[in-house]
Amino acid sequence: MEILTVSSRSNPKSVAGRMCAAIRKDGCCQVKTIGAGALSQGVKSVAVARNYLDMDLIFRPTFEVVNIDGKDKTVISMDVDVYRGV
């Protein structure tokens, strides 16, 4: 599974393109964000990728705590998959 790191300055269309390539290759990907701005860009990217792929996508958010430069940061990871129905 490809891991995409998104920041608050990431372009959602660019991230969506990388997301589409990963989904076409592996059927899924993971998006990692730190902070509200990055999370917003990540969610926008999923919405744009959904339009590019012309299929429904789902994502499952989870929390992780990582230590960066001696400080604990909360990472929100989103596992993005193609929706296959119930």
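In this predicted model, helix 2 has a length that can be checked with simple arithmetic: at 1.5 Å a residue, its 18 residues should span 26 Å, and the end C-alpha atoms are indeed 26 Å apart, so expectation and model agree. The buried residues of helix 2 are Ala38, Gln41, Gly42, Ser45, Val46, Ala49 and Leu53. They cover an arc of only 145 degrees around the axis, which puts them on the same side of helix 2. On the face turned away from this buried side sit the exposed residues Ala36 and Asn51. The cover over the buried residues of helix 2 includes helix 1 together with strand 1, strand 2, strand 3 and strand 4. Just after helix 2 comes aspartate 54, with a positive phi near 55 degrees.

Helix 1 (residues 12-26) invites the same check. Its 15 residues, at 1.5 Å each, should span 21 Å; the end C-alpha atoms lie 20 Å apart, which agrees. At the start of helix 1, a side-chain oxygen of asparagine 11 comes to within 2.9 Å of the backbone nitrogen of lysine 13. Buried positions in helix 1 are Pro12, Val15, Ala16, Met19, Cys20, Ala22 and Ile23, and these pack against helix 2 (36-53) as well as strand 1 (2-6), strand 2 (28-33), strand 3 (57-68) and strand 4 (71-82). Glycine 27 follows helix 1, and its phi is positive, near 85 degrees.

Turning to the strands, four of them form an open sheet in the order 1-2-4-3, with mixed pairing. Strand 1 and strand 3 are the edge strands, each pairing on one side only. On average, neighbouring strands of this sheet are turned by 25 degrees against each other, direction ignored. Strand 3 and strand 4 run antiparallel and are joined by twelve bridges; isoleucine 68 has lysine 71, in strand 4, as its bridge partner. Helix 2 packs on the sheet, where it touches strand 1, strand 2, strand 3 and strand 4, and its direction makes about 150 degrees with that of strand 3.

One residue of strand 4 deserves a closer look, namely aspartate 81. With a relative accessible area of 17%, aspartate 81 falls under the 20% cut-off and therefore counts as buried. The side chain of aspartate 81 makes a polar contact with the side chain of arginine 60, at 2.4 Å. Leaving aside neighbours within four places in sequence, aspartate 81 is in contact with Gly27, Cys28, Asp56, Leu57, Ile58 and Arg60. Among these contacts is Gly27, the glycine that follows helix 1.

Definitions and conventions:
Residues are numbered from 1 along each chain as its sequence is written. This is a predicted model: local features need pLDDT of at least 70, side-chain atom pairs count only at pLDDT 80 or more; totals for chains, interfaces and linings use all residues. Side-chain values use heavy atoms; hydrogens and water are left out. Helices (H or I, at least four residues) and strands (E, at least two) are DSSP runs, numbered from the N terminus. The expected span of a helix is 1.5 Å times one less than its number of residues. Buried means under 20% relative accessible area, exposed over 50%, partly exposed in between (1.4 Å probe, protein chains only). Contact means heavy atoms within 4.5 Å. A polar contact is a pair of N or O atoms within 3.5 Å; within protein, one must be able to donate a hydrogen and the other to accept it, and residues adjacent in sequence count only if both atoms are side-chain atoms. The arc is that of the directions from the helix axis to the C-beta atoms. Two strands pair if DSSP finds at least two bridges between them. Axes are lines fitted to C-alpha atoms, for helices over the stretch in contact, and angles run from 0 to 180 degrees between N-to-C directions.
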